Amino acid sequence: MSQPNENLLDEHLAAENAHNLDRIMATYGTSPLILLNGQRIEGHAAIREFHRSFGFGEGGSFSDVHADERARHRSSDAIVIEQTLTGLHSGTWMQHAPTGRRFQVQVCTVYRFDGRGMLSAEHFYVDLGWIERQLTHPT
């Protein structure tokens with residue numbers, strides 16, 4: 001792994017909040033990997049579809065998706081960001097029809113970079129059960 005590229009990560013996060021799939025994908029290196037709670041999502045096509053289907057593009061499970069950065073931690077080979085992720089359930093997700101309900105969840109992501117300073121890996125940790133409870137058991 002290489003030195004963290006803070007500027008590229010800022011562009012990646014801005015592109016996610018702008019729901020711009022082309023800009024998101026332009027921040028990844030040649031062999032990108034997302035580990036979602038340990039589940040491997042590998043390669044450009046799979047990662048693009050992951051972003052699109054969640055709601056960082058058109059026609060995903062959620063709309064109005066936004067990530068608010070709460071804290072940023074740096075090491076010699078990674079950047080770790082704690083965020084609050086929010087969105088509106090507007091498409092089918094985990095076999096649940098759209099509810100029109102909003103969710104809010106705390107997430108933590110470890111970002112790693114390749115030799116060219118591009119994103120090589122995201123280790124994304126999120127409580128999917130907490131999102132599901134908010135959508136199916138509103139208060």
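## A quick tour of a six-stranded sheet and its pocket

Let's start small: Thr84 lies in strand β4. Keep in mind that what you're looking at is a predicted model. From Thr84 we'll zoom out to the sheet, then move on to the helices and the pocket. The sheet is an open one, built from 6 strands in the order β2-β1-β6-β5-β4-β3, with mixed pairing.

**Around Thr84**

- Thr84 has a relative accessibility of 12%, and the cut-off for buried is under 20%, so Thr84 counts as buried.
- Who does Thr84 touch, once you leave aside its neighbours within four places in sequence? The list is His66, Ala67, Asp68, Arg70, Gln104, Val105 and Gln106.
- Take Arg70 from that list: Thr84 and Arg70 are 14 residues apart in sequence, yet their C-alpha atoms are 7.0 Å apart in space.
- Gln106 is another one to look up, since its side chain and that of Thr84 are joined by a polar contact of 3.1 Å.

**The sheet as a whole**

- Quick background: strands in a sheet pair through backbone hydrogen bonds, and they can do that either parallel or antiparallel.
- Here the strands line up as β2-β1-β6-β5-β4-β3, and the sheet is open.
- Why do β2 (39-42) and β3 (62-74) each have one side without a neighbour in the sheet? They stand at the edges with a single partner strand each, so one side of each is left free of a neighbour.
- Ignoring direction, neighbouring strands of this sheet are turned by 25° against each other on average.

**β3 and β4**

- β3 and β4 (residues 79-89) pair in the antiparallel sense, over 10 bridges.
- If you want to spot this pairing on screen, find Glu69, which stands opposite Gln83 in β4.

**β1 and its two partners**

- With β6, strand β1 runs parallel, and 5 bridges join the two.
- With β2, strand β1 pairs in the antiparallel sense over 4 bridges.
- Ile34 is a handy marker here: it stands opposite Glu122 in β6, and its bridge partner in β2 is Ile41.
- β1 and β2 form a hairpin with 2 residues between the strands, and in this hairpin Asn37 takes a positive phi near 50°.
- Of the 9 residues of β1, 7 are buried, so this strand is largely enclosed by the rest of the structure.

**Ser120 in β6**

- Ser120 has its place in strand β6.
- Is Ser120 buried or exposed? Its relative accessible area is 13%, so Ser120 is buried.
- A polar atom of the Ser120 side chain lies 3.5 Å from the backbone nitrogen of Phe113.

**Helices across the sheet**

- Helix α3 (residues 44-56) lies across β1 (28-36), β2, β3, β4, β5 (102-113) and β6 (119-126), and it runs at about 50° to β1.
- Helix α4 (residues 128-136) lies across β3, β4, β5 and β6, running at about 160° to β5.

**The largest pocket**

- How do you find empty space in a structure? Rolling a probe the size of a water molecule over the atoms shows where it is left.
- The largest pocket holds about 360 Å³ of space.
- Its lining is made up of 24 residues, and Leu36, Phe50, Phe54, Phe56 and Phe124 lie nearest the centre.
- The elements giving two or more residues to this lining are β1, β2, α3, β4, β5, β6 and α4.
- Which element gives the largest share? That's α3, with 5 residues of the lining.

Technical notes: Residues are numbered from 1 along each chain as its sequence is written. This is a predicted model: local features need pLDDT of at least 70, side-chain atom pairs count only at pLDDT 80 or more; totals for chains, interfaces and linings use all residues. Side-chain values use heavy atoms; hydrogens and water are left out. Two strands pair if DSSP finds at least two bridges between them. Axes are lines fitted to C-alpha atoms, for helices over the stretch in contact, and angles run from 0 to 180 degrees between N-to-C directions. Contact means heavy atoms within 4.5 Å. Buried means under 20% relative accessible area, exposed over 50%, partly exposed in between (1.4 Å probe, protein chains only). A polar contact is a pair of N or O atoms within 3.5 Å; within protein, one must be able to donate a hydrogen and the other to accept it, and residues adjacent in sequence count only if both atoms are side-chain atoms. On a 1 Å grid over the protein atoms alone, a cavity is a set of points where a 1.4 Å probe fits but cannot get out, and a pocket is an open set with protein on both sides within 12 Å along at least five of seven lines; lining residues have an atom within 4 Å of a point. Grid points are joined across faces, edges and corners, and a volume is the space filled by probe spheres set on the points.
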